[in-house]
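The exercises below are meant to be worked through with the sequence and the model side by side. Try each task before reading its solution.

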Amino acid sequence: MFLEQLSNGIALGSLYALTAVGYTMVYGIIRLINFAHGDIYMMGAFFTYTAIVYFNLPLVPSFIIGMACAALLGVLIAKFAYTPVFKAPKINLFLCAIGMAIFLENFAMLLWGPETQSFPTIIQNQIYTFGGLKFTKLQAVILLISIFLALVLSYIVKKTKIGRAMRCASQDMVAARLMGINTNKIVFITFALGSALGAAAGTLVAMYYKAVYPMMGFSAGLKAFVAAVIGGIGSITGAMFGGLIMGVVESLGAAYISSGYRDAIAFIILIIILLFKPTGLFGKTVKEKV
Amino acid sequence: MGNLIDVLIKLSIATVILYFVIKILSKGFDKITDMIVAMDKEKNRKLIYLIVGILLVLPFLLSRYPYILRTSIMAIMYVVLALSLNFVLGFAGQLSMGHAAFYGIGAYVTALLMVNFNVPFLLAFIASAIVAGIFGFLLGVPTLRLKGDYLAITTIGFGEILRLVLVNWVEVTRGPAGIPGIPSPSFFGFTINNNIGYYYIILLLAFFTVFVSNRLLNSRLGQGFIAVRDDEIAAEAMGINSTYLKILAFVLGAAIAGMAGSFFATFVHYVNPDNFTYMESVTILCMVVLGGLGSIPGVILGAIVLTVLPEALRGIALYRYAIYGLLLILMMINRPGGMINMDRLKGGRKDENSRGSRSNKVLRRSYSSR
């Protein structure tokens with residue numbers, strides 16, 4: 001029972017981690033809680049679904065198309081909804097993100113209909129046992145894809161020139177611009193990367209629960225954001241740890257405490273962690289300057 | 001999926017129309033704001049009397065249109081809710097995104113007291129305000145440590161936890177089934193059971209809230225709030241107890257939201273957890289920001305517009321929330337200061353783009369000033 005819940009939790013947690021990374025990257029660059037991220041995740045799942053069901057493509061190309069379309073969508077959102085508001089007070093950016101979330105949810109409803117669509121079963125459900133730890137093939141696939149994407153991302157951020165520019169911009173936007181970094185381009189690249197990861201997570205969730213529906217991004221987005229905050233928002237490693245912690249605690253909590261309070265557990269952990277460490281587990285304390 | 005092009009064309013048309021409507025209205029709002037600023041006290045008072053007079057006779061004019069009367073009751077209730085959030089967000093500058101929780105607490109306290117213990121409405125009403133205020137205090141305490149986005153997510157968490165408690169604590173709240181059969185309020189033997197009566201109750205509450213907001217804004221305490229919002233460190237250096245003020249703002253906002261909740265419970269005679277979701281908090285937040293943060297006429301206008309708009313858009317039912325989202329984005333791009341800008345209302349800076357220079361974490365420029 002415990003081990004079963006643990007493997008459930010890890011699969012779920014790696015999905016939260018993927019989504020949380022998108023949040024944290026965008027936050028790191030423009031200090032915006034991108035409320036629309038959960039809905040990009042939903043759109044990503046729908047893009048993959050469309051590619052599979054309407055165009056009869058195999059899984060892997062559909063998956064990549066889903067990620068690419070979501071990346072494009074992320075860039076479009078950043079370009080048309082967020083960039084014009086960068087210079088305005090922060091709350092405006094915040095509301096733009098909320099407006100975008102509402103818009104995307106309803107846009108998806110208009111296109112694909114409000115009802116839940118069943119996602120085709122592509123990976124057959126086989127159960128493996130590994131030293132008492134039971135897991136399904138799908139859970140293994142989810143975990144492997146998550147780890148792979150996380151590795152790719154950390155390679156991009158740590159080793160490439162673009163990654164260095166991103167880290168630079170997240171530390172100090174003005175200084176980065178003075179050093180000749182095209183910060184606008186960096187913002188778009190960040191959105192594209194974050195959205196692609198979100199779409200990957202959305203598709204994997206759709207495969208896991210075999211369902212896509214327009215509101216699927218809402219609570220997942222909120223929880224992934226909680227995961228990002230727990231890890232210390234702005235830190236990519238933190239987001240991954242936060243996601244895993246959330247997934248495991250949620251699965252165990254739902255099994256041992258009460259399944260009705262499943263969603264509340266995430267927020268209770270969040271409040272407890274923030275009360276003791278206001279910047280999250282991996283966050284840096286920033287001194288306030290006058 | 002087949003209707004992709006159709007949907008895209010319709011949404012693009014909606015975007016263009018919205019864009020121009022906002023541009024035109026924007027000019028209108030500026031004119032109105034300047035007019036209010038230019039008015040002397042005497043004229044100002046006359047205008048207020050006129051508005052109050054219209055509001056007082058309105059239900060008799062509308063008594064043949066129950067739908068419009070009901071919508072105006074809801075609009076006034078949202079005015080109260082938006083003004084209550086304005087204490088926290090507009091005055092003290094704390095980004096609270098769980099405001100529906102206080103509203104829900106107020107509604108449930110009234111519902112439970114009136115249904116289970118036959119408590120008279122007035123007592124239940126006061127109890128709702130007090131209980132919501134206590135929760136406001138509990139939520140206000142973490143603000144000592146948390147700022148900006150962290151506070152926002154904590155308040156979202158608070159709202160969600162409260163909703164889940166309402167759903168899961170079946171013995172008391174009856175869970176998702178909600179509490180039906182909440183009696184109508186009665187005062188000194190008169191039972192209010194028609195919409196005109198409800199209209200006057202909520203109007204009274206709205207007048208009370210506007211009065212408190214207005215007096216507060218011009219008082220020492222209110223100036224303290226504004227100082228904390230604009231620059232907390234500077235305010236502390238001037239000897240303002242920012243902790244105390246922030247908690248006070250939360251308690252005040254929560255108590256008034258609780259009153260609105262109490263009214264809501266008796267008005268619809270039924271409460272269930274779905275009325276107090278995160279989206280409800282977001283709606284209230286949008287009203288405040290769209291109307292104009294901190295400006296009382298702006299917030300009132302914002303609440304009315306955002307309540308009436310979805311009703312007016314019922315004709316295009318499928319598209320209305322997509323348009324609602326578009327409206328938020330376009331409005332924030334074209335008119336960052338809200339409909340009636342507070343600075344302009346004070347006769348201050350005319351250029352709304354310069355508004356961003358505040359150093360408050362929530363309200364300051366996020367991108368270039370770092």
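**Exercise 1. Determine what share of the residues in chain B is buried, and describe the overall build of that chain.**

Solution. Buried residues account for 49% of the 370 residues in chain B, where a residue is buried if 20 or more other C-beta atoms lie within 10 Å of its own, exposed if 12 or fewer, and partly exposed in between, with C-beta atoms placed from the backbone. The model is a predicted one, in which local features need pLDDT of at least 70 and side-chain atom pairs count only at pLDDT 80 or more, while totals for chains, interfaces and linings use all residues. Residues are numbered from 1 along each chain as its sequence is written, and chains are lettered from A and ligands numbered from 1 in the order in which they are written.

Next, count the elements: chain B has 15 helices and four strands, helices (H or I, at least four residues) and strands (E, at least two) being DSSP runs numbered from the N terminus. Its radius of gyration, taken over C-alpha atoms, is 21 Å, close to the 21 Å from the globule rule for 370 residues, so chain B is as compact as a globular protein of that length; the rule is 2.2 Å times the number of residues to the power 0.38. Along the principal axes, the C-alpha atoms of chain B fill a box of roughly 55 × 55 × 55 Å.

**Exercise 2. Establish how helices α8 and α11 of chain B are oriented and which residues join them.**

Solution. Begin with the axes, which are lines fitted to C-alpha atoms, for helices over the stretch in contact, with angles running from 0 to 180 degrees between N-to-C directions. Those of α8(B) (residues 195-217) and α11(B) come within 11 Å and cross at roughly 175°. The two helices are therefore roughly antiparallel to each other, the class for angles over 145 degrees, as against under 35 for roughly parallel, 65 to 115 for roughly perpendicular and oblique for the rest.

Then list the contacts, defined by C-beta atoms, placed from the backbone, within 7 Å. From α8(B), B:Y198, B:I201, B:I202, B:L205 and B:T209 meet B:I256, B:M259, B:F263 and B:F267 of α11(B). These residues divide into eight nonpolar, one polar and no charged, with Ala, Val, Leu, Ile, Met, Phe, Trp, Tyr, Cys and Pro counted as nonpolar, Asp, Glu, Lys and Arg as charged, and the others, Gly among them, as polar.

Finally, follow B:I202 outward: leaving aside neighbours within four places in sequence, B:I202 is in contact with B:I73, B:I76, B:M77 and B:F263.

**Exercise 3. Identify which elements of chain A give two or more residues to the side that touches chain B.**

Solution. In the contact between the chains, 49 residues of chain A meet 47 residues of chain B. The elements giving two or more residues to the chain A side are α4 (90-112), α7 (173-178), α9 (216-230) and α11 (262-276) of chain A. The largest share, 16 residues, comes from α4(A). By class, the chain A side divides into 38 nonpolar, five polar and six charged residues.

**Exercise 4. Locate A:R31 and A:K210, and decide whether each is buried, exposed or partly exposed.**

Solution. A:R31, in the loop between α1 (2-30) and α2 (37-53) of chain A, has a positive phi of about 55° although it is not a glycine. With 19 C-beta neighbours inside 10 Å, A:R31 counts as partly exposed. A:K210 lies in the loop between α8 (183-209) and β4 (211-212) of chain A, and its phi is near 55°, a positive value in a residue other than glycine. A:K210 has 15 C-beta neighbours inside 10 Å and counts as partly exposed.

Note on methods:
Contact = placed C-beta atoms within 7 Å.
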